[in-house]
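Hi,

Here is the structure I promised to pass along. Have a look at it first, and my notes follow below.

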Amino acid sequence: VAQQDAPPDQGLTPTTRWLPGEIIADHHALALNGIASGEYHLTAAMYLSLDNGYANLGNPVELGRVKVD
């Protein structure tokens, strides 16, 4: 229904600099104008962008649910 793609931490903290167990805050806004009322799953995923598409880097993670009135 809505999606936002961007490098982690607006490109300021590339994954090559992450330490094991480190928490990286990553803020995203989703435009929900015109979305039908209801409850939606909020999911995050990481992927590697390739010339011919992308490669998933693990399974998506459900972060919670969002209620739209």
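Leucine 32 sits in the segment before strand 1. A quick word before I go on: this is a predicted model, so please read everything here in that light.

Is leucine 32 buried, partly exposed or exposed? Its relative accessible area is 35%, and because buried means under 20% and exposed means over 50%, leucine 32 counts as partly exposed. If you ignore residues up to four places away in sequence, leucine 32 touches Ala2 and Val68. Alanine 45 is another matter: it is 13 residues from leucine 32 along the chain, and the two C-alpha atoms are separated by 19 Å.

Now the chain as a whole. The protein chain has 4 strands and 0 helices, so if you want the order along the sequence, it simply reads β-β-β-β. For a compact globule of 69 residues you would expect a radius of gyration near 11 Å, but this chain comes out at 14 Å. The C-alpha trace spans about 40 × 30 × 20 Å along its principal axes.

How much of the chain counts as buried? Just 4% of the 69 residues do. The accessible surface comes to about 6100 Å², and carbon and sulfur atoms account for 53% of that. As for contacts, take those between residues at least 6 apart in sequence: 45% of them join residues at least 24 apart.

Then there is the largest pocket, which you may want to bring up on screen. About 1400 Å³ of space lies in it, and its lining is made up of 36 residues. Which of them lie nearest the centre? Those are Gln4, His28, Thr43, Ala44 and Ala45. By type, the lining divides into 23 nonpolar, 10 polar and 3 charged residues. Strand 1 (38-44), strand 2 (47-50) and strand 4 (61-68) each supply at least two lining residues, and strand 1 gives the most, with 5.

A residue to click on in strand 2 is leucine 48. Leucine 48 has a relative accessibility of 46%, which means that it counts as partly exposed. Setting aside its neighbours within four places in sequence, leucine 48 is in contact with Gly53, Tyr54, Ala55 and Leu57. Leucine 48 and proline 7 are 41 residues apart in sequence, and from C-alpha to C-alpha they are 10.0 Å apart in space.

Back to the segment before strand 1, where a short run caught my eye. Aspartate 9 lies in that segment, and so does glutamine 10, with glycine 11 found there too. What is odd about the backbone at aspartate 9? Its phi is positive, about 50°, although aspartate 9 is not a glycine. Glutamine 10 isn't a glycine either, and it has a positive phi of about 55°.

Here is how these three residues come out for exposure:

- Aspartate 9 has a relative accessible area of 22%, so it is partly exposed.
- Glutamine 10, with 66%, is exposed.
- Glycine 11 is partly exposed, with a relative accessible area of 43%.

The 22% for aspartate 9 is worth reading against the cut-off, because a residue counts as buried only under 20%.

Where does glycine 11 lie with respect to isoleucine 24? The two are 13 residues apart along the chain, and their C-alpha atoms are separated by 12 Å.

One last stop is proline 20, which is also in the segment before strand 1. Proline 20 has a relative accessible area of 85% and is therefore exposed. Asparagine 52 is 32 residues from proline 20 along the chain, and the C-alpha atoms of the pair are separated by 30 Å.

If you only have a few minutes, I'd look at the largest pocket and the residues nearest its centre, Gln4, His28, Thr43, Ala44 and Ala45. After that, go to aspartate 9 with its positive phi and to glutamine 10, where phi is positive as well.

Cheers

Note on methods. Residues are numbered from 1 along each chain as its sequence is written. This is a predicted model: local features need pLDDT of at least 70, side-chain atom pairs count only at pLDDT 80 or more; totals for chains, interfaces and linings use all residues. Side-chain values use heavy atoms; hydrogens and water are left out. The radius of gyration is taken over C-alpha atoms; the globule rule is 2.2 Å times the number of residues to the power 0.38. Buried means under 20% relative accessible area, exposed over 50%, partly exposed in between (1.4 Å probe, protein chains only). Contact means heavy atoms within 4.5 Å. Accessible areas come from the Shrake-Rupley method with a 1.4 Å probe; for residues, only the protein chains shown count as cover. On a 1 Å grid over the protein atoms alone, a cavity is a set of points where a 1.4 Å probe fits but cannot get out, and a pocket is an open set with protein on both sides within 12 Å along at least five of seven lines; lining residues have an atom within 4 Å of a point. Grid points are joined across faces, edges and corners, and a volume is the space filled by probe spheres set on the points. Ala, Val, Leu, Ile, Met, Phe, Trp, Tyr, Cys and Pro count as nonpolar, Asp, Glu, Lys and Arg as charged, and the others, Gly among them, as polar.
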